Amino acid sequence: MDKFIIQGGARLEGEIRISGSKNSGLPILAATILAEGPSVISNLPHLNDITTMLALLRSLGVKVNSEKSSAEIDASRLTELEAPYALVKTMRASILVLGPMLARYGEANVSFPGGCAIGSRPVDIHLRGLEAMGAKIEVDGGYIRATAPRGLKGTHFTMDKVTVGGTENLMMAAALAQGTTVLENAAREPEIVDLARFMIAMGAKIEGVGSGRLEINGVSRMQGCQYTVMPDRIETGTYLTAAAATAGKVKLLATRADILEAVLDKLAETGAHIETGEDWIALDMKGDRPRAVSLTTAPYPAFPTDMQAQFTAMNAVAMGEARVSETIFENRLIQTHELNRMGAQIRLDGNTAIIKGVPQLKGAPVMASDLRASASLVIAAMAARGQTVIDRIYHIDRGYESIEEKFKVLGGHIRRVPG
Ligand code: EPZ
């Protein structure tokens, strides 16, 4: 297993380009199953999760032609209606093919995704919503077997928790259902807006995009289109936070400030000077150490759970004390134990981390446990004195394109060694 060796202490300074969004690219790729003709998707990030989704589509019989950051996808005819365990176990987002496959073919078998490091992550709301549209669902031999021989039917469904994946799966299923579906308490994340825009370009009829109430009027067929995936707001936030933690100065290109407001507000609270343009964000700490900032994660437009770990690392080297509460996933503060091994002073009280900032962390061998936890360790290592060795970085390759190259451009001392 590859490792990162990071020599800390450099102020991160410079300009980098942000990649396309992983969490919008994944559902957009799944949604290609809805269409009867080929689509060309551009600005796809080069990541293991995207490669896994393309492999899953190929295994269903989809024709995929991918090069650099774009892919031509023709899902005119699927030859298999089963997402196998071997692929689903490596990536939970595989569940996103369930809704579109069922809507288009009246049948779908998807391996039941298990829990993962950050929490139990059930899919009960996805399944209840599909049942409300008339699907019959059985769980058999570790597989979700969903059937709707006479097609899905529009329904009025209230999700009892805000779920990103649930909203995406049900929106895709409803697009080809007979009649109108209303989804209440829908997630409003920018990635859902991106998926909805892609689907509308393919012929779907969706109203209320970006709100908590989606109204989808089913259509009988959809066609392929050309679409550019939005920038990755979490990658953007990660580099901004890394710059804040190292008293640095960065400019991030090919990104958007309007999808990152809660994060930019918190960065401004640290003392960062932030400027934004149509497609760039600049942050300058003017050489100062950040001030600690408290936060609570919640669904969009509030502070994203996917930025919590990075802010926890920054708070570890900030001036003052912060309380960081994680309300989305039950086990997403585990990286704090690794940060403490680097000299951080973090105490856990239920789902809240109480972080007393220290002037400097000290490099140590640490272990990555999930994608964003890994990013937090990289940030801590950049800000620390001495050398940090981060093990199990395969987690980071799932979600950050060319991370070591980008940190190098910013002056970070990071190298990958094969393990
Ligand atoms: C998406 O996961 C993202 N993944 C996650 O990104 C992100 O952390 C999460 O949304 C929250 O923003 C992708 O977009 C591919 P949820 P998802 O359904 O859809 C509970 C990253 O680091 N729930 O919104 O799986 C669930 O357990 C990641 O890039 C149910 O109870 O998240 C959680 O507590 C990891 N029943 C909460 O809802 C359900 O049927 C939110 O989960 C579904 C979810």
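**The ligand shell and a pocket**

Tutor: This model is predicted. The shell around the ligand holds nine nonpolar, five polar and seven charged residues.

Student: What makes Asp124 a residue that surrounds the ligand?

Tutor: A residue is near a molecule if one of its heavy atoms lies within 4 Å of it. The ligand has 21 such residues around it, and Asp124, Thr163, Asp306, Ile328 and Arg372 are the closest.

Student: Why is the pair between aspartate 306 and the ligand called a polar contact?

Tutor: A side-chain N or O atom of aspartate 306 is 2.6 Å from an oxygen atom of the ligand. The cut-off is 3.5 Å for a pair of N or O atoms, so this pair is a polar contact.

Student: Which part of isoleucine 125 lies 2.8 Å from an oxygen atom of the ligand?

Tutor: A backbone N or O atom. Glycine 165 also uses a backbone N or O atom, at 2.7 Å from a ligand oxygen. Both pairs are within 3.5 Å, so both count as polar contacts.

Student: How much of the ligand does the protein cover?

Tutor: The ligand on its own has 840 Å² of accessible area, and the protein covers 88% of that.

Student: Which elements give two or more residues to the shell?

Tutor: Helices H1 (22-31), H5 (124-132), H6 (164-175) and H12 (371-383). H5 gives the largest share, three residues.

Student: How much space lies in the second largest pocket?

Tutor: About 210 Å³. Its lining has 14 residues, with Ala245, Thr246, Ala247, Pro359 and Ala383 closest to the centre.

Student: What makes Ala245 count as nonpolar?

Tutor: Ala belongs to the nonpolar class, so Ala245 counts there. By class, this lining has eight nonpolar, four polar and two charged residues.

How values were computed:
Residues numbered from 1 in each chain as written. Predicted model: local features only at pLDDT ≥ 70, side-chain atom pairs only at ≥ 80, totals over all residues. Heavy atoms only, no water. Polar contact = N/O pair within 3.5 Å; in protein donor to acceptor, adjacent residues only side chain to side chain. Areas by Shrake-Rupley, 256 points an atom, 1.4 Å probe, with all protein chains shown as cover. Helix = DSSP H or I, 4+ residues; strand = E, 2+ residues; numbered from the N terminus. 1 Å grid on protein atoms, 1.4 Å probe; cavity = no way out; pocket = protein on both sides within 12 Å on 5 of 7 lines; lining within 4 Å. Points joined across faces, edges and corners; volume = space filled by probe spheres on them.
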